[in-house]
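Visitor: I have a structure open and would like to go through it with you. Where shall we begin?
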Amino acid sequence: MTDNKFTLIHTDSQTQARIGKLRTAHGVINTPIFMPVGTRATVKTCTPHDLVEIGTEIILGNTYHLYLRPGHRIVEQAGGLHKFMAWKKPVLTDSGGFQVFSLGPLRTITEDGVEFRSEIDGSKHFISPERSIEIQNALGADIIMAFDECPPLPSDYDYLKQSMEMTLRWAERCKQAHRNPNQQLFGIVQGGMEKSLRKISVEKTVEIGFPGYAIGGLSVGEEKPLMYETLAYTAPLLPKDSPHYLMGVGTPEDLVYGISCGVDMFDCVMPTRNARNGSLFTTLGTVKIRNAKYKADFTPLDPNCICHTCQNFTRAYLRHLHVENEILAHRLLTLHNLHFYLSLMRGVRQAILEGTFARLKEDIGGLMQRGQRSEQIETESAKSKAAKKDSRNKQHKSSTGSSNRKRRRAAT
RNA sequence: GGGCGGAUACCCAAGUGGUCAACGGGAGCAGACUGUAAAUCUGUUGGCUAAGCCUGCGGAGGUUCAAAUCCUUCUCCGCCCA
């Protein structure tokens, strides 16, 4: 591959952890990275500005859901997903493969593709590998995913083998169908918890050749040790010079474990969904904000957190908002959880760079705080840069210009 | 003063002789959530020395093998008539 968009910057000496940079049509992302999930062209409750504030570098969208509503042609007419939702940074779309799994009772799988019955109105829809790529081309994400089958649990060996082989044939078809050079198409490795199948899946998917590889079909209900075992086996089989994406995982512990196995990219609904359901990740462990014990707790959600929510609001207030089902609760809690995940990733990158990752691996809270320190340093340097720029501008501009600017700011 | 209707668990409310510690909803309490059919879902909510026992459907008394349910009476609430 001559045009490798992924640059490996450093690999940890004690684990498989790596840091790198992935170039996309909408900018570079730093790996390991967490990608907030924005299924329907929105990370629920967050504006793009919110997302940038907390350090989001790339988000997810979903092919199946956007195809159903508003329809990929509408998004295309809008100028693509980025313009449609006013998000300037990179986007990755999932192919709809996960809906093959999650909408189990509503679909039928054939070699050709998958027939879905819309959960919205019961109407029938057919998505093939070619169709998924066509939709994803129209949506215009920077990274798009091959259409795969994510087999349910339990599935026997024969089914897993058959399914994995079909996913390979689909991967080939996706590659054939994909045209847009501005979009990187990633392949997906399947094979359930069967190592032999995972190995074949990796080899054959790599043989087809993609700029990045994902591990799918994990965290679908299996026991965690088995998931870790499968992950630890599969991730190191992937080509070192390509980005590795673990789909749909997971808890903060899962991410750190995945990184130690060599995973570079993650997405998961957990921080956003759990936030809306009142379950928060903090350096002191999980906080279920609805619990009565927080009724008169006037301390921050996480005393070690520098996010907007923790800097400004108390647990008692957040509990009140959540119990009352106020919209603001969902937003503030989502921002906190996402910030936690993103800080964790910053901390991990820093630790890998410093060579302390292996030592800090078990200390999620410590890694998260480390991430926040580097965030603070970044923000301060950005501020001082801006201040310097501002003072330079003042020297050149007339005083009336600057007071005009002030007045305009006051008016808004 | 008379007539009629009502009083059920934290709130609303169903039940009108045994299968009722009592349907359902709200609220409370707790838990779950992993490429989002998810601001969703699940469990639980009289007490206890807990596969059993005790208390309990406004209070008191009665009928019955058995009462939230039938009878008497009292209290309170609503409507109507004087």
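Guide: Glu119, Cys150, Gly248, Gly250 and Ser279 come nearest to RNA strand B, among the 49 residues around the strand. A residue is near a strand if its C-beta atom, placed from the backbone, lies within 6 Å of it. This is a predicted model, in which local features need pLDDT of at least 70, side-chain atom pairs count only at pLDDT 80 or more, and totals for chains, interfaces and linings use all residues. Residues are numbered from 1 along each chain as its sequence is written, and chains are lettered from A and ligands numbered from 1 in the order in which they are written.

Visitor: Which elements give two or more residues to that surface?
Guide: They are β5 (59-62), α5 (97-102), β14 (265-268), α11 (270-276) and α14 (327-354). Helices (H or I, at least four residues) and strands (E, at least two) are DSSP runs, numbered from the N terminus.

Visitor: Now Ala171: is it buried or exposed?
Guide: Ala171 is buried, because 27 other C-beta atoms lie within 10 Å; the cut-offs are 20 or more for buried, 12 or fewer for exposed, and partly exposed in between, with C-beta atoms placed from the backbone. Ala171 belongs to helix α7 (residues 157-177).

Visitor: What is Ala171 in contact with, beyond its neighbours within four places in sequence?
Guide: Ala146, Gly187, Thr205 and Ile208. Contact requires C-beta atoms, placed from the backbone, within 7 Å.

Visitor: And which residues of α8 and α9 meet?
Guide: Lys195, Arg198 and Val202 in α8 meet Thr230, Tyr233 and Thr234 in α9.

Note on methods: Contact = placed C-beta atoms within 7 Å.
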